[in-house]
Amino acid sequence: MDPAVWSQFIRENWLVIVIALVLLFAVINLIKTVLKWAIVIAIVAGLFIYSGVTLDQIGNAVNKVTDGTVSTLKSEAQDMMLKEAKDAKYTSGGDGTFTITTPNLEVKGAAGEDKVEVIFRGVSLGKWSMTDTTQTFIEEARKNQ
């Protein structure tokens, strides 16, 4: 238990601590049964739980998991592009747009644009900038047309 962490917590959450102390004194003075100690323990436990985990920490954890999942999906999609390029079906729209489909991928874009939309196993991975992998995939799909 680092004193600097506790000091920072007290400075940031002094109002919550004051409210908890007022509730503790009110419970101790007004209630004279075993229930009193259950309420006191619940308030103290709530403060400890509140001090240990902040919403920022939860948000950071969720962001890390999301970023890790998206990067894993992106690398899997790129590997799949290389493996399924020979089976890719290229469909050209009349306005310069194209769609490339494989069993696991769908790539949509327009001629001359720097970005394509990638859908991997039904999950949109957003718009990707053209890389060597995506360019090779598109060229291979055009050859299969």
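The protein chain comprises 5 helices and 5 strands in what is a predicted model. Read along the sequence, these elements follow the pattern α-α-α-α-β-β-β-β-β-α. Of the 145 residues of the chain, 23% count as buried. The chain exposes about 9,900 Å², and 62% of this area is supplied by carbon and sulfur atoms. Among contacts with a separation of 6 or more, residues 24 or more positions apart account for 40%.

The largest nonpolar core contains 18 residues. Within this set, Met81, Ile100, Leu105, Val118 and Phe137 touch the most other members. Two or more residues are given to this core by each of the elements α4 (55-84), β2, β3 (105-110), β4, β5 and α5 (132-143). A second, separate core consists of 5 residues, including Leu24, Val27, Val40 and Ile43. In general, nonpolar side chains of soluble globular proteins tend to be buried together.

The surroundings of Phe137 illustrate the larger core in detail. With neighbours within four places in sequence left aside, Phe137 is in contact with Met81, Glu84, Ala85 and Ala88, and also with Ile100, Thr102, Leu105 and Val107. Of these partners, Met81, Ile100 and Leu105 are, like Phe137 itself, among the core residues that touch the most other members. Met81 also appears in the environment of Thr134, a residue of helix α5. On the same criterion of sequence separation, the contacts of Thr134 are Met81, Trp128 and Ser129. Thr134 has a relative accessible area of 2% and is therefore classed as buried, the limit for that class being under 20%.

Strands β1 (residues 89-92) and β2 (residues 97-101) pair in the antiparallel sense over 4 bridges. One of the bridged pairs joins Thr91 to Thr99 of β2. The two strands form a hairpin with 4 residues between them, and in its turn Gly96 adopts a positive phi of about 95°. A positive phi also occurs at Arg121, with a value of about 55°, although this residue is not a glycine. Arg121 is located in the loop between β4 (115-120) and β5 (123-129).

Thr97, which lies in strand β2, was examined further with respect to its exposure and its contacts. Its relative accessibility is 32%, so Thr97 counts as partly exposed, since this class covers values between 20% and 50%. Beyond the neighbours within four places in sequence, Thr97 is in contact with Thr91 and Ser92, as well as with Gly109 and Ala110. The C-alpha atoms of Thr97 and Glu113 are separated by 9.7 Å, the two residues being 16 residues apart along the chain.

On the surface, Trp14, Leu15, Val18, Ile19, Val22 and Leu23 make a nonpolar patch of about 590 Å². One of its members, Val18, has its place in helix α2 (residues 14-30). Val18 counts as partly exposed because its relative accessibility is 41%, and the value also lies over the 30% required of residues that enter a patch.

Conventions:
Residues are numbered from 1 along each chain as its sequence is written. This is a predicted model: local features need pLDDT of at least 70, side-chain atom pairs count only at pLDDT 80 or more; totals for chains, interfaces and linings use all residues. Side-chain values use heavy atoms; hydrogens and water are left out. Two strands pair if DSSP finds at least two bridges between them. Patches are made of residues with over 30% relative accessible area and no salt bridge: like charges are joined within 9 Å, nonpolar side chains (Val, Leu, Ile, Met, Phe, Trp, Tyr) within 5 Å. Accessible areas come from the Shrake-Rupley method with a 1.4 Å probe; for residues, only the protein chains shown count as cover. A salt bridge is a side-chain nitrogen of Lys or Arg within 4 Å of a carboxyl oxygen of Asp or Glu. Buried means under 20% relative accessible area, exposed over 50%, partly exposed in between (1.4 Å probe, protein chains only). A nonpolar core is a set of buried Ala, Val, Leu, Ile, Met, Phe, Trp, Tyr and Cys residues joined through side-chain atoms within 4.5 Å. Contact means heavy atoms within 4.5 Å.
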